[in-house]
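Trainee: I'm new to this one. Could you take me through a single part of it up close, and then tell me about the cysteines too?

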Amino acid sequence: MASLCDMNDNTAAEVASLLAPLPSLQLQEEYFNQLISSRRCHGLLVKHNGTFGKGVYANSEFQEDELILKDEILVGIQHSSNKVDCLVCSFCFRFIGSVEKQIGRKLYFKNMGLSGCCGGGGGDSSESSSSNHNSLPQGVVSSLMNGEMALPHTDKFPLPSPLSCPGGCQEAFYCSGSCAEADWESSHSLLCTGERSESISREVLGEFIKHSNETNDIFLLAAKAIAFTILRYRKLKAEHVNKQAKQSVSKQSLLLEAWKPVSVGYKRRWWDCIALPDDVDPSDEGAFRTQIKDLACTSLELLKTAIFDKECEALFSLDIYGNIIGMFELNNLDLVVASPVEDYFLYIDDLPDAEKDKAEEITRPFLDALGDEYSDCCQGTAFFPLQSCMNHSCCPNAKAFKREEDRDGQAVIIALRRISKNEEVTISYIDEELPYEERQALFADYGFTCKCPKCLEDSSVACITSMFLKP
């Protein structure tokens with residue numbers, strides 16, 4: 001029997017069309033500059049050069065520590081293992097509930113042995129360090145989590161009340177009705193496991209989510225990109241019908257337009273671009289890449305059974321799926337949102353001595369029970385359309401950095417030094433303080449060799465040194 005990942009001849013042309021770049025560099029630049037305008041960051045331009053492809057350039061001067069860009073997420077996820085530690089909005093990733101609820105949930109799951117395991121990729125979350133810390137009675141934890149107990153000074157850290165998913169699932173919560181609506185319309189209506197889900201099979205969708213959590217939650221990100229494109233296609237088609245346009249538009253044209261936000265990201269197939277892990281012998285590389293491809297195929301079969309749309313059939317080809325995941329592998333940025341719980345305990349610690357002593361009589365047992373994990377932040381991964389256009393340098397002039405006021409999942413880019421008009425804005429994809437050889441090894445994950453001024457200088461030094469060290 002043929003695999004659901006197999007592609008028929010009718011779909012092959014559509015897949016090739018979807019994976020082809022926009023017809024001209026001018027159209028690409030126009031698309032990105034429209035994004036820049038929508039984000040109100042008018043001091044930037046996206047343009048191409050002949051060596052490194054597209055890049056982000058300053059259209060005006062930036063001073064050190066000045067905000068360059070706040071980039072909205074196209075698609076993003078909170079790591080599944082992080083959800084037990086942090087209750088956040090499923091769309092903007094802002095913390096929700098209350099400081100008490102955040103602490104109570106964390107201690108509740110910690111007592112169950114499920115907490116303290118931030119990270120992604122389907123890691124084992126069964127271990128717990130709760131035995132190393134003082135535990136609190138379950139009744140106290142439940143009272144805190146359910147809002148029956150108030151801690152001192154938490155009014156200084158108000159959080160939005162959680163709103164449940166409009167589809168009825170128990171997996172998504174929101175900070176506002178606008179976030180709930182935006183998430184539903186952009187992807188969640190197809191990926192919701194609740195009663196009002198628009199998926200074909202909620203049961204299989206649940207299997208897909210389980211498989212992703214157990215293997216690699218980057219599949220959830222890919223599913224969001226496909227659901228986003230399908231829903232955008234349906235919206236564009238409905239708008240065209242409602243306008244009663246005299247000139248007909250082909251299905252393929254509408255699909256290409258719906259796909260455009262995903263199409264502009266640099267792509268390679270996941271199993272081709274993923275770096276070979278250190279524990280895999282180079283002689284086993286072929287088997288490793290085949291295993292990765294088979295894993296993606298299994299994931300795609302589940303997703304296709306759960307949300308398939310005949311008019312968007314090309315999106316469910318293994319080639320498209322592999323390229324979407326590869327795009328995230330090469331372009332994604334860690335999604336990090338600081339925890340108000342950390343801010344709360346730091347506030348208590350900074351109180352005048354008498355007030356601090358009084359507050360700590362109540363708060364100290366909770367801090368001791370949380371242990372070192374009291375400051376766990378929201379962690380995930382996301383694709384940011386404009387940030388992903390920024391090229392790497394080991395001597396960057398900008399950095400991704402959240403300021404005190406940045407409390408959601410948007411990417412924030414800050415100038416590290418003065419940036420002149422027309423100068424390219426660069427960030428570092430790695431720890432640029434590492435030795436030259438270690439830096440170059442890390443670039444294998446991104447599929448390029450760095451030739452920034454620092455690497456060229458270090459390369460020359462390494463070359464001269466090796467000449468003198470020859471026997």
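Mentor: Start at Ala398, whose bridge partner in β11 is Ala415. Keep in mind as you look around that this is a predicted model. That bridge belongs with the pairing of β10 and strand β11, residues 411–415, which run antiparallel to each other over 3 bridges. As for what holds such neighbours together, strands of a sheet pair through backbone hydrogen bonds, in either a parallel or an antiparallel way.

Now step back to the sheet itself. It's an open one with 3 strands, ordered β3-β11-β10, and the pairing is antiparallel. At the edges sit β3 (67–71) and β10 (398–400), each pairing on one side only. Ignoring direction, neighbouring strands in this sheet are turned by 20° against each other on average.

On to the cysteines, then. How many disulfides does a search of the whole structure find? The count is 0. To count, two cysteine sulfur atoms have to be within 2.5 Å. Take Cys395: its closest cysteine sulfur belongs to Cys452, and at 4.6 Å that is too far for a bond. Cys395 is also partly exposed, with a relative accessible area of 36%. Then there's Cys273, which is buried, its relative accessible area being 3%. The closest cysteine sulfur to that of Cys273 is in Cys389, 17 Å off, so a bond is ruled out by distance there too.

Note on methods:
Residues are numbered from 1 along each chain as its sequence is written. This is a predicted model: local features need pLDDT of at least 70, side-chain atom pairs count only at pLDDT 80 or more; totals for chains, interfaces and linings use all residues. Side-chain values use heavy atoms; hydrogens and water are left out. Buried means under 20% relative accessible area, exposed over 50%, partly exposed in between (1.4 Å probe, protein chains only). Two strands pair if DSSP finds at least two bridges between them. Helices (H or I, at least four residues) and strands (E, at least two) are DSSP runs, numbered from the N terminus. Axes are lines fitted to C-alpha atoms, for helices over the stretch in contact, and angles run from 0 to 180 degrees between N-to-C directions.
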